[in-house]
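Trainee: I would like a close look at a single part of this chain. Please take me through one helix and whatever belongs with it.

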Amino acid sequence: MTSIGDLLTALCAHLTAFDLPPAIASVHTVGSAGGSPEVTVQLTAREPDDLASRLLVWADTLTEVTAQAWREPHGDWVDLSVTGLLPCGASVRIYGGLRITP
């Protein structure tokens, strides 16, 4: 079983080991008794090049990395994210939102 404390400890260790940018807006964790533990990290970056560079830095530190862009129909925001695995095996999703301007 992976507790919330274990996930936060693993995230802190990962941030320290890779000297990742500290610009985190929020962290959401889901411990698991039988499935996969998950960590979601929202970044504070709001400029396209800043968000892209931060996501790439994170992607370089994870295994089994995928990327996604998602926009709600008729929405004015797009979420960019990378998902991968921390060394402890927990899934982590790092994302940020960008306002769409016409």
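Mentor: What follows is a walk along helix α1, then a look at the salt bridges elsewhere in the chain.

Keep in mind that this is a predicted model. The mean pLDDT of the chain is 87, and 92% of its residues reach 70 or more. Among the elements, β1 has the lowest mean pLDDT, 84. Strand β3 has the highest, 95.

Helix α1 covers residues 4-18. Start with Leu-8, which sits in this helix. Is Leu-8 buried or exposed, or partly exposed? Leu-8 is partly exposed, with a relative accessible area of 38%. Together with Ile-4 and Val-27, Leu-8 makes a nonpolar surface patch of about 210 Å².

Now turn to Thr-29. This residue belongs to strand β1, residues 24-30. Thr-29 touches Leu-8, and among its other contacts are Ile-4 and Leu-7. Glu-38 and Val-39 touch Thr-29 as well. Thr-29 is buried, at 16% relative accessible area.

Next comes Cys-12. Cys-12 is partly exposed, with a relative accessible area of 46%. How many disulfides does the count give? The count comes to zero. For Cys-12, the nearest cysteine sulfur is that of Cys-88, 12 Å away. A disulfide is a covalent bond between the sulfur atoms of two cysteines. The two sulfurs here do not bond, because 12 Å is too far.

His-14 lies in helix α1 too. Its relative accessible area is 3%, so His-14 counts as buried. Which residues does His-14 contact, leaving aside neighbours within four places in sequence? They are Leu-20, Trp-58, Thr-61, Leu-62, Leu-86 and Pro-87.

Trp-58 leads us on, since helix α2 spans residues 48-59. Two salt bridges are counted in all. Side chains of opposite charge can pair when their charged atoms come close. In one bridge, Asp-50 pairs with Arg-54, and the closest N and O atoms are 2.8 Å apart. Both residues lie in helix α2, four residues apart, so about one helical turn separates them. Asp-50 is partly exposed at 28% relative accessibility. Arg-54 is buried at 19%.

The other bridge joins Asp-76 and Arg-99, with closest N and O atoms 2.9 Å apart. Asp-76 lies in the loop between β3 and β4, and Arg-99 in strand β5, so the pair ties together parts that are 23 residues apart in sequence. Asp-76 is partly exposed at 38% relative accessibility. Arg-99 is partly exposed at 48%.

Methods
Residues are numbered from 1 along each chain as its sequence is written. This is a predicted model: local features need pLDDT of at least 70, side-chain atom pairs count only at pLDDT 80 or more; totals for chains, interfaces and linings use all residues. Side-chain values use heavy atoms; hydrogens and water are left out. Helices (H or I, at least four residues) and strands (E, at least two) are DSSP runs, numbered from the N terminus. Buried means under 20% relative accessible area, exposed over 50%, partly exposed in between (1.4 Å probe, protein chains only). Contact means heavy atoms within 4.5 Å. A disulfide is a pair of cysteine sulfur atoms within 2.5 Å. Patches are made of residues with over 30% relative accessible area and no salt bridge: like charges are joined within 9 Å, nonpolar side chains (Val, Leu, Ile, Met, Phe, Trp, Tyr) within 5 Å. Accessible areas come from the Shrake-Rupley method with a 1.4 Å probe; for residues, only the protein chains shown count as cover. A salt bridge is a side-chain nitrogen of Lys or Arg within 4 Å of a carboxyl oxygen of Asp or Glu. pLDDT is the predictor's confidence in each residue, from 0 to 100.
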